[in-house]
Structure formats: C-alpha cells, structure tokens
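Reader: I am new to this structure. Please show it to me, then take a close look at a single part.

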Amino acid sequence: MAKTKKPHRHYIKWTDELKEEVSNLLERGYTYPKCCEILNRRYPEYNFTLESIRSQKRSGTLSVNPRIPLSPSKYRRKKQVLEPNLLDEGKKNPYYQSTTKDIEDDDEASGHNFETHGNYAILDYRGEDNPATLDDLLASCDVDTEIWDVERYVVNKWEVAMKMGETIVHRPLFQVKAWLVRKLPVVVEFPTIKTIRPIVYKPKPRKAKKCKDRTALIIPDAQVGFRKSFDDGSLDPFHDRKALDICLQMAEKHQPDEIILLGDMLDLPEWSDKFMISPEFYWTTQPSINELYWWIKELRQYCEKMIYIEGNHELRMAKAVVKNIVAAYNLKPANEPERQVLTVPTLLALDELGVEYCGPYPDGEYWINDNLRVHHGQLARKGGGKTASAMLNDARNSEIIGHIHRHEMAQRTVHPRGGIKTYVVYSPGTVARIDGVVPAYQTRNDWQQGLALVHYQEGNGLFQIVPYNIHDGVCMADGEVIKARKTILSHLEKTIK
Ligand SMILES: [Mn+2]
C-alpha cells in the first residue's frame, strides 16, 4: 500500500517581519488554527500549519501569550482514549459522567509545558500515559530534536485515588521533566543564568543630628561571605545580617559624621593562599561583593563621610593576583588610568559611593582625631583582654582595632614630664556570625559581637568610646532595645541568591 504523501509545502521564509507578525497575532490571543487561517490568507504562496508555527515557537524565535495552551487538542484527544480503560469499573457507577467531566477540567494535573530560556529549555510533562521512550515524549510534545538536545531528565510516578460512590479507583500519574540545551547556541540578549537579582538603591534624605558632638560609628569585621550548599546551591552567610541591621539602625539613629568599616568586611575564602579552599566556597565571591555593596549603600546614606580600612582578608585578593596571575596586577582600563580592575574598592564601587579606602594592610589607618587611631590590627592573643593589654605596651596614642573578633578594652596611664596621659586600646568585636560558620581554626571561638560609637572633638581633643554588645540580633542601646528587622532579612534572602 502506498504511503499517503503529505501535501507539498512551500518553504516558509521566516523573516524578522514575519516572526513579529506571528508573535503579534499570538500575543493578541489568536489560537494556532486561527493564526494559520489568517496567515494563509495573507501569504497564499506559503502553507502555514500548526506545526510550522509551533516549531518556530519551540526554537524560541516567537514570543507567545503564555496563557494559550501549546497543544490542547492533542492532549484532550489522548485523554478521551485513555479514560474509559482506566475507569472501566466506574462506568457502572451513576457518578461516572460527572466525575469524568471533573477530570477533563483538571488542566493543572496533566498536559505539558515547554519553556525556553535562551539556549536552555525545560519540558515538563504530566499525564496518565507513561511515554515508552524519551523520543516518544519529545515527539508527542512537538520538541524539535534537530534543535534541542536532552541534557538530563527525571521520571516520577505516583497514584491518585478517587472515590466514586462506594468504589475507590486508583490511577497512575506520570511526570517527566527534561532539561534541554540548544544544539547550536544562539546569542541571547540577557544572561540566561542570573545568580543575583539587581539591587535598587533609593537614597533617603539625612536627618538632623541629635547630639552636638562629632561622632564616628565603628563597624568591625563582618567577614561577608558564603558557604554554598551541595544539595540545593543555597548560600549560608558567614556575616550576621541581624548584627549588620543593628549597625544600620544605629547609623540611622545617630546620623554619625563618619562611619568607619574596620576591615575584613569581606571574607574572600576563595582567594586564600594559606587555607585549603573547600569546594563549598566556589563561586561565592560575586554574591559576597553584591551583598556588602548593598550594606555599604544603605549605611552610606546616614553619614557625611565613610572610611573602609583594609584588613588581611581584603588583602587576599591582591595576594592571589600576584601569586597566580601577575599580569592582572595593577591592570587598568585604557580609558580609566586611575582604576585598577581586580581590587576590592573597584568591585565594591567605593569611588562612586564616596567611600575612602585606607590600605594596604597592615598600614592602612585613619585618625579620628590627633589622639585616636583606627586600623585593622595584626596582633591576636588568646583570652579576653589579652590583645588590647599587650598592645598597650607599645602604645603612643589610643587605638581602635578589629581583627580579633573579641570585645576588648584596656587602658594604661603614663606619666611623662609635665602631665598625665591615658591610652585606650579598644576592639568592638565582630559583626560576623559567632556560631562556627565563619572559616577559622576552630568552630567554638571565643568571639563577641558588637559595634561602637565614638564621640570626639577635632584636633588634639577629647574622645569617648561607647561600646555596644549585640546578642543574637538584639542590642540594648541608649535606653532602648534595638532588634534586627525581619523585612531587611527577608529582602536579602530573596535578593542574594
Ligand atoms: Mn582580620
């Protein structure tokens, strides 16, 4: 018997104009058959079929109204064949008709969906028939295997029980999900993999200051960084967003003249040349940069001046560049001779935010007034107060340091000729998590969370350090209890992925 030949079809020239025309028809809500009818009238030289339009949609060149089901007629037809067999027992039941109708209306449970994202696509099939092979499934869902390759797929099966009068009928449901990739990649206008959603910054007007003193808010080691889950790719932060929000609320409350970031604001575990780099830290630098940028932008709106002191962790980036690819060191764009490309201040856009970067570690420093110097610090001694008291031996002025993640203050009075001088060494602790998530030699660290406000007079004047402790997102400050805000936390959880 001779095979029935398909009617001869002219090769359709899919010009951009034609694609746009078809997209417009589909977006306006026309069904595929209606589109064919219109197009065949407009272009008598071509023979438009459902298939020819669908294949364009499959290859991602047409945008269509997502509310239109892809091939409803085919899907309904299959169901009508299937249901009588499955529901044989139900036929005798007087409820049979109405129950069947319910299933037919149940569009959520079965059918298929094909979504393209640039060079990738996901086919999600749900239905009562178990496709014998993957090729069968692709063919029945009109996936063009000339264009798409299956990268991987999963098959799930489960049973659905339905009560029909006195009888309970079980029927199997299948789900096949396939991830596809284009055989010949196309240029996509937007990146198809977005790890981070853009952050929108809305500056708020500064409020009038409450106190007449000049003030500086000191925020110690945040160690912004993440551990990436092998199971679901989720990011577990090293930094304590609750503690950082306390800092933000303190900045809003006090409207300080200066905010000083004490160094080690980024952890940069991927850039370490000393410690083993666990695969859990791979590809975590970008979200870390983005999140710290968000905090700096938020803090920036509450102060006149902002200082960022380089710590040993920021220095990791420069060291890694020198050690691994010296050609990248000091590299600047031809049109921006001032901007080194691969540095912490460039990546955090500190210039644009008006933040002064004080480096390199360990010499990077900032003088609040002639008597009080701020730097990240190098010395770390075990035990409360030990580092601060050891530093006093060589002190020739008062100092605020970070680095040790302990809340310490020690003072020493000396008697030079003609007067008495008291020096203070103070460390506000850390705003990183202290529950063992931050990479360190051990997980049970003797660390404390805190921050400080410094009241000061300019020049050779007085200063007063006011320390604040943070306990699990709560801080008792100046007669009120400040708590971390859930809105900020959930915003960041949603934004940084
Ligand atoms: Mn440090």
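How many helices and strands are there in the protein? And what does helix 8 look like up close?

Author: This is a predicted model, in which local features need pLDDT of at least 70, side-chain atom pairs count only at pLDDT 80 or more, and totals for chains, interfaces and linings use all residues. Residues are numbered from 1 along each chain as its sequence is written.

The protein has 13 helices and 19 strands. Helices (H or I, at least four residues) and strands (E, at least two) are DSSP runs, numbered from the N terminus. Of the 497 residues, 30% are buried. Buried means that 20 or more other C-beta atoms, placed from the backbone, lie within 10 Å of a residue's own. Among contacts with a separation of 6 or more, 69% join residues 24 or more positions apart. A contact needs two C-beta atoms, placed from the backbone, within 7 Å.

Now helix 8. It covers residues 285-300, 16 in number. From first C-alpha to last, helix 8 reaches 22 Å, close to the 22 Å expected at 1.5 Å a residue. That expected span is 1.5 Å times one less than the number of residues.

Which residues of helix 8 are buried? They are Pro287, Ser288, Asn290, Glu291, Leu292, Trp295, Glu298 and Leu299. An α-helix has 3.6 residues a turn, so residues three or four places apart point the same way.

The buried residues of helix 8 have several partners. Three are strands: strand 6 (226-228), strand 7 (235-237) and strand 8 (258-261). They also pack against helix 7 (241-254) and helix 13 (486-495).

Notes
A residue is buried if 20 or more other C-beta atoms lie within 10 Å of its own, exposed if 12 or fewer, and partly exposed in between; C-beta atoms are placed from the backbone.
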